[in-house]
Amino acid sequence: MSGHFDDKTRAEISDALRQQVRGLVKGGAVGKVVLVLASDYLKKMSLAKGFALNDQAEFERVCRVPRSLIRSEQHLSKVYRHKYDRKASEDDRPRVKRTTDGMLPMDCVVMDVHHINVLLTRENGTTGTPKLLAFMDMATRRVWCELVFIETRGGVRNVDVIEAFAAMAQHSAFGLPKSLYCDNGKEYLFADFLDDAMQLHIPVVGEPGKSRVIRALPYNASAKPIEAWFGHFEQQFLRTCPGYIGDDRMNPKRSTLGKPPKPFEGDFRGFQSLFKQLLNAYEVLPQSGALKGQSPRQTFDTHVQQGWSATVMDPSRLHTVFTRPETRKVRQHGISVGGRTWTCDELDTCFHDTVTVHIPQFHGYNALRLTGPDGELLGIATPQEEFAFNDPRGAKRSADRVKRRNRALRTLDKSVPNVDVGAALVELGRTASPILPDSPRATVRVTGEEVYAQAILPASEILPSLTEDERERREIAAIREAAFSALRGHGS
């Protein structure tokens, strides 16, 4: 080839060939495919530049792309992997080493939902696998777990996760976390409401009002230690359970070839009890790494001995979290929500036109938290009780509410001084500055050739505002009075 092309042409062909190889590797072609396609590309380019050999076999040999060129561009395959196999690409992303040294229990909790590979029998005779709702404490590696077994078709609901979180937040060995780490999926949107619950944690961590929910980056499972815990717990503990079927649903683990896997012998409650014992066993086994040879329970006990205690959530505060605020008009000291009227003693003494009602998002409710214009708590409203028409309790209830309202009005009245508004307006008018007009800018006169007649007042004493009928009635009355006078004079 060197005898047929000058240096400039050879450089052009070399650069174009390298770019073609790079493009093929970036596009996902494997070594053999790149070799064939790149060699074919070189042959076409050579023919286009005027190079040809009579011996076709020799021409093929000359245009064969060296494998060293292909190997030198293999790094571009990482671009293809990043575009079409993001999981593999993210597994190879740069990592920052993190430590839990100095972290206290419940400073950071990682949560996730995972399936349990144990076959259970439903009440209707069908089989299925339960779901695990897990919250891992990063400082001690202890895990709060709740199991959910769907009796019909469907998945884990937001209310299931919220109930699991609330149960953990009320337990004295766990309590409220200071921050929560979870995924970005739509099934974790409820976590924004958990943020409201964690704002109740004392002392405040970080900036006041800053979100305590930390969202994991997509395809970043390695950043959540709970992912590794799922696999570890399954391989060392769950696989010992009767009914364990493994991850492969198409080829489940079975004790007898040719027969379906045998489900767990017992109901869901029995499996819950077994799972709890396995979880206890996990807590007492020592771990290397962050726990430095101690078990999760030993690590937790050490923190307790050093003075740590949980911040638990009062169940009544559930009216505060997992809600969306909505404004409602106050009519007759009640509000309307969901087609029902809601009242409370505080509403009977509330004279604002509107209040804010906090409506639960993910669970049913028979109590609603009410706040005033400044966000202060007004009270907890409940559905208005209904009484039969002739039930004396209804009259008593009505009287109590009116009495409470009137008492509040009297208190409100006494809290403010009496002001005579009319007298204040009169005084304002009396002391107002007099009007001081400026001199007229000009006088407008209307003149013309026509002479206009002036209006002449009527000589009659009858006011011009009287109608013709009124004049006629007055005249008749005058004639009648004159006739009566004449008759009285004649008679005398």
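Is Cys108 buried or exposed, and what is its relative accessible area? The close-ups below, taken from a predicted model, start with this residue.

**View 1. Two buried cysteines, Cys108 and Cys145.** Cys108 is buried, and its relative accessible area is 13%. Cys145 is buried too, with a relative accessible area of 15%. Both values fall under the 20% cut-off for a buried residue. A disulfide is a covalent bond between the sulfur atoms of two cysteines. The structure has zero disulfides.

**View 2. The buried face of helix 11.** Helix 11 spans residues 296–305. Its buried residues are Pro296, Thr299, Phe300 and His303. Viewed down the helix axis, they fall within an arc of 100°, so they line one face of helix 11. Helix 10 (268–284) is among the elements that cover these buried residues.

**View 3. Gly307, after helix 11.** Gly307 follows helix 11. The phi of Gly307 is positive, near 105°.

**View 4. Thr343 in strand 10.** Strand 10 covers residues 340–343 and includes Thr343. Thr343 has a relative accessibility of 4%, so this residue counts as buried. What does Thr343 touch, leaving out residues up to four places away in sequence? The contacts are His333, Gly334, Ala381, Thr382, Gln384, Arg397 and Arg401.

**View 5. Thr343 and Gln384, paired across the sequence.** These two residues lie 41 residues apart along the chain. Their C-alpha atoms are separated by 5.6 Å. Gln384 is also one of the residues that Thr343 touches.

Terms used
Residues numbered from 1 in each chain as written. Predicted model: local features only at pLDDT ≥ 70, side-chain atom pairs only at ≥ 80, totals over all residues. Heavy atoms only, no water. Buried < 20%, exposed > 50% of the residue type's maximum accessible area, 1.4 Å probe, protein only. Helix = DSSP H or I, 4+ residues; strand = E, 2+ residues; numbered from the N terminus. Arc of directions from axis to C-beta. Contact = heavy atoms within 4.5 Å. Disulfide = S-S within 2.5 Å.
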